[in-house]
Amino acid sequence: MNLLNAGKKLHVGAPNIGSREVLFSRINDILDRRWLSNNGVYLLEFERKISNILGVRNVVAMCNATVALEIAARALELHGEVIIPSYTFIATAHSLYWQGITPVFADIDPKTHNINVEEVERLITPKTTGIVGVHIWGRGCDTEGLGILAKKYNLKEMYDASHGFACSKNGQMLGSSGKCEVFSFHATKFINSFEGGAVVTNDDELAEKMRLMRNFGFKGFDNVVHCGVNGKMSEVCAAMGLTNLEQIEEIITINRRNYLAYQKGLSGIKGISLIEYDPKEQNNFQYIIIEVDSEKYGLDRNKLVERLHEQNIIARKYFWPGCHLMEPYRSLHINSPYNLPETDRVAARVVVLPTGQTVDEETVDHICQIIKNRP
Ligand SMILES: *Cc1c(COP(=O)(O)O)cnc(C)c1O
């Protein structure tokens with residue numbers, strides 16, 4: 001009997017969870033030590049492990065990726081306008097706007113769903129100070145192209161790598177491009193620390209500045225050398241992150257198995273295409289993304305999602321309708337006249353399907369059958 005027959009709801013982004021015994025023993029140790037936050041042993045170990053996996057010099061773990069993006073943008077002294085894709089989770093935009101920076105939305109390449117470098121260049125004005133690229137679905141965006149633009153126009157280049165932990169581009173782990181990259185360890189992400197995030201960078205000075213900023217600007221006792229915020233990750237979160245990292249291979253194996261099962265189950269369904277992960281790259285396979293061509297499929301994308309919900313499959317329409325059509329950006333008319341046709345089209349086509357530890361192959365087959373049996 002598969003999970004759906006048991007009457008359970010299947011959610012996109014249900015958390016992957018490592019060994020409870022190991023987690024509980026770490027939490028006991030944290031309580032025994034009475035060291036709950038502020039550069040504890042688990043935080044330092046978590047940062048060290050991430051640094052090894054990504055091959056990047058500095059890892060500054062934070063309470064979540066949104067605050068990490070905010071701190072990174074501040075540390076880089078971004079202001080005025082910063083160009084980002086509209087096809088991303090709203091936090092990419094909010095993290096800038098929250099600090100008085102105007103996010104300017106660039107269109108995407110419909111094949112990769114990633115930011116289109118030519119569109120970025122078109123949007124550069126005298127007010128532009130930076131670019132935030134996003135590696136959507138863990139498929140690395142055009143870091144070379146954005147790097148060239150950043151140099152040519154003297155802009156700061158950073159990345160929202162929230163989807164991209166343990167994913168590679170041209171054989172290199174994501175995390176080393178631009179001035180810095182930001183990862184998320186939110187519950188719904190590939191590896192979670194309950195809530196959490198990190199900025200990673202090969203720039204030691206930038207890392208030091210962000211370490212100060214995440215702890216109110218404190219340098220030792222009684223000495224505040226910077227304006228800062230509380231962006232710290234707690235020891236319990238670091239322990240969860242470490243415990244889940246120990247299962248990284250198992251989680252990838254499960255996600256990859258599910259991806260291949262979806263590939264098989266969805267092949268040949270007219271109007272449904274699964275986005276592919278390059279077999280030459282490493283991927284976490286955390287996102288099962290289909291695009292629905294409503295005419296060929298014979299059913300509207302929204303209707304398909306409704307139908308899946310009726311069957312307890314809580315599929316999602318990421319990132320619909322695009323940041324530019326959400327508040328406050330919609331009313332601000334940042335891109336005016338707005339010209340993001342590919343973002344609009346992709347956002348209207350995508351459905352995200354469940355995967356991860358809570359989904360087995362039989363369940364994938366069942367979901368594929370529901371999609372196949374359209375009216
Ligand atoms: C999840 C996500 C974030 C926010 O991460 P949090 O850790 O929840 O703050 C930012 N950007 C993207 C692209 C995301 O998917």
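Phe-218 is partly exposed, with a relative accessible area of 36%. I start there, and I should say at once that this is a predicted model.

Where does Phe-218 lie? Its place is the loop between α7, residues 204–213, and α8, residues 235–245. Together with Phe-216 and Val-224, Phe-218 makes a nonpolar surface patch of about 260 Å². To belong to such a patch, a residue needs over 30% relative accessible area, and Phe-218 has 36%.

Stay in that loop for a moment. Asp-222 also lies between α7 and α8. Its phi is near 60°, which is a positive value in a residue other than glycine. Is Asp-222 buried or exposed? Asp-222 is exposed, at a relative accessible area of 77%.

There is another residue of this kind to look at. His-113 is not a glycine, yet it has a positive phi of about 65°. His-113 sits in the loop between β4, residues 102–106, and α5, residues 117–123. In accessibility, His-113 counts as buried, at 0%. So the two residues with positive phi that I have shown can be set side by side: His-113 is buried, whereas Asp-222 is exposed.

Next, the backbone around residue 320. Tyr-318 and Phe-319 are joined by a cis peptide bond, with omega about -20°. A cis bond also runs from Trp-320 to Pro-321, and there omega is near 5°. Phe-319 belongs to the loop between β13, residues 313–314, and α12, residues 329–332. Pro-321 is likewise placed in the loop between β13 and α12.

That brings us to the largest pocket. Tyr-318 and Phe-319, the pair with the cis bond, are among the residues nearest the centre of this pocket. Phe-89, Thr-188 and Lys-189 are the others named as nearest. How many residues line the largest pocket? The lining has 40 residues, and the space inside comes to about 730 Å³.

What sort of residues are they? By class, 20 are nonpolar, 15 are polar and five are charged. As for where they come from, α3 (65–75), α4 (91–97), α11 (301–310) and β14 (350–353) each supply at least two residues of the lining. Which element gives the most? The answer is α3, with three residues.

Now the enclosed space. The structure holds one cavity of 30 Å³ or more. The largest cavity has about 40 Å³ of space. Its lining includes Ser-162, His-163, Phe-165 and Ser-184. Lys-189 is also part of the cavity lining, and Lys-189 was named a moment ago for the largest pocket. By class, the cavity lining has four nonpolar, five polar and one charged residues.

On to salt bridges. The count comes to 14, and I will go through some of them.

Arg-57 and Asp-204 meet through their side chains, at 2.6 Å from N to O. Which parts of the chain does this pair tie together? Arg-57 is in the loop between α2 (41–54) and β2 (58–62), and Asp-204 is in helix α7, so the bridge ties together parts that are 147 residues apart in sequence. Arg-57 is exposed, with a relative accessible area of 57%, while Asp-204 is partly exposed, at 38%.

Another salt bridge joins the side chains of Glu-144 and Lys-169, at 3.0 Å from N to O. Glu-144 belongs to helix α6, residues 143–153, and Lys-169 to strand β7, residues 168–169, so this pair ties together parts that are 25 residues apart in sequence. Glu-144 is partly exposed, at 40% relative accessible area. Lys-169 counts as buried, at 19% relative accessibility; the cut-off for buried is under 20%.

Asp-293 and Lys-296 also form a salt bridge, and their closest N and O atoms are 3.8 Å apart. The limit for a salt bridge is within 4 Å, so this pair, at 3.8 Å, is counted. Asp-293 is partly exposed at 31% relative accessibility, and Lys-296 is exposed at 53%.

My last residue is Gly-298. It is found in the loop between α10, residues 294–297, and α11. Gly-298 counts as exposed, with 51% relative accessibility; exposed means over 50%. How far is Gly-298 from Thr-201? In sequence they are 97 residues apart, and in space they are 47 Å apart, C-alpha to C-alpha.

That is the end of the tour.

Key: Residues numbered from 1 in each chain as written. Predicted model: local features only at pLDDT ≥ 70, side-chain atom pairs only at ≥ 80, totals over all residues. Heavy atoms only, no water. Patch = residues over 30% accessible without salt bridge, like charges linked within 9 Å, V, L, I, M, F, W, Y side chains within 5 Å. Areas by Shrake-Rupley, 256 points an atom, 1.4 Å probe, with all protein chains shown as cover. Helix = DSSP H or I, 4+ residues; strand = E, 2+ residues; numbered from the N terminus. Buried < 20%, exposed > 50% of the residue type's maximum accessible area, 1.4 Å probe, protein only. 1 Å grid on protein atoms, 1.4 Å probe; cavity = no way out; pocket = protein on both sides within 12 Å on 5 of 7 lines; lining within 4 Å. Points joined across faces, edges and corners; volume = space filled by probe spheres on them. Nonpolar A, V, L, I, M, F, W, Y, C, P; charged D, E, K, R; others polar.
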